[in-house]
Amino acid sequence: MPILMIVLLFGVMYFMMIRPQQKRRREAEQMQNTIGPGAEVVTIGGLYGTVVSVENETVTLEVAPGVHTRYARPAIARVVTKAEPVAVPVEKAADEADVKD
């Protein structure tokens with residue numbers, strides 16, 4: 001009987017503590033791997049910045065106009081706003097083509 005209670009206790013602890021922590025860690029890794037330039041992020045220290053470039057292990061953030069800092073990817077706590085693709089309006093693209101000619 002006591003062995004059954006111990007096994008049951010470990011089973012409950014696994015499903016209540018260990019498994020949710022593993023899920024959060026996987027989600028954080030996925031978020032850190034999909035960060036791209038233009039995304040606004042928050043570091044684990046609470047610093048807000050915009051991603052300028054991404055390398056293998058580091059992310060360069062612009063924290064103020066002209067101020068760039070490098071952080072390790074795991075230091076990014078969350079993404080505040082995702083980077084949106086930059087689209088050049090058709091009219092503007094045509095005007096720029098005329099200027100270059």
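What follows is a walk through this structure, from its overall layout to a few spots on its surface and some contacts across the fold.

Keep in mind that this is a predicted model. The protein chain has two helices and five strands, and if you start at the N terminus and follow the elements along, you read α-β-β-β-β-β-α. So the strands come as a run with a helix on either side in the order of elements. The chain has 101 residues, and buried residues make up 16% of them.

Let's begin with helix H1, which covers residues 2-33. A nonpolar patch sits on the surface here, made up of Met-5, Ile-6, Leu-8, Leu-9, Phe-10, Val-12, Met-13, Tyr-14, Phe-15, Met-16, Met-17 and Ile-18. Together these residues offer about 1,300 Å² of accessible area. Val-12, one of the patch members, lies in helix H1 and counts as partly exposed because its relative accessibility is 45%, which falls between the 20% and 50% cut-offs.

Two neighbours in that patch deserve a second look, Tyr-14 and Phe-15. The structure holds one aromatic pair. It is formed by the rings of Tyr-14 and Phe-15, whose centres are 5.1 Å apart; with the planes at 85 degrees, the pair is edge-to-face, because anything over 60 degrees goes into that class. How exposed are the two partners? Tyr-14 has a relative accessibility of 34%, so this residue counts as partly exposed. Phe-15 comes in at 51% and is therefore exposed, since the line for that is drawn at over 50%.

Now look for charge. Arg-19, Lys-23, Arg-25 and Arg-26 gather on the surface in a patch that is positive. Arg-19 belongs to helix H1, and with a relative accessibility of 46% this arginine counts as partly exposed.

Staying on helix H1, you come to Ala-28. This alanine is partly exposed because its relative accessibility is 30%. What makes Ala-28 handy for reading the fold is its link to Ala-77: the two are 49 residues apart in sequence, yet their C-alpha atoms are 7.7 Å apart in space.

Next, the strands. Strand S2 runs over 48-54 and strand S3 over 58-64, and Glu-55 is found in the loop between them. Its relative accessibility is 45%, so Glu-55 counts as partly exposed too. Which residue can you pair with Glu-55 to step further along the chain? Try Arg-73: from C-alpha to C-alpha it is 9.0 Å from Glu-55, with their positions 18 residues apart in sequence.

A similar step starts from strand S4, residues 67-72, where you find Val-67. Val-67 has a relative accessible area of 37%, which means that this valine is partly exposed. Measuring off the model from Val-67 to Gly-49, the C-alpha atoms are 9.9 Å apart, and the two residues are 18 apart in sequence. Gly-49 falls within the 48-54 range of strand S2, so this pair takes you from strand S4 back to strand S2.

Notes. Residues numbered from 1 in each chain as written. Predicted model: local features only at pLDDT ≥ 70, side-chain atom pairs only at ≥ 80, totals over all residues. Heavy atoms only, no water. Patch = residues over 30% accessible without salt bridge, like charges linked within 9 Å, V, L, I, M, F, W, Y side chains within 5 Å. Areas by Shrake-Rupley, 256 points an atom, 1.4 Å probe, with all protein chains shown as cover. Salt bridge = Lys/Arg side-chain N within 4 Å of Asp/Glu carboxyl O. Lys, Arg positive; Asp, Glu negative; His and termini not counted. Charge placed at Lys NZ, Arg CZ, Asp CG, Glu CD. Helix = DSSP H or I, 4+ residues; strand = E, 2+ residues; numbered from the N terminus. Buried < 20%, exposed > 50% of the residue type's maximum accessible area, 1.4 Å probe, protein only. Phe/Tyr/Trp six-rings, centres within 6.5 Å; stacked < 30°, edge-to-face > 60°.
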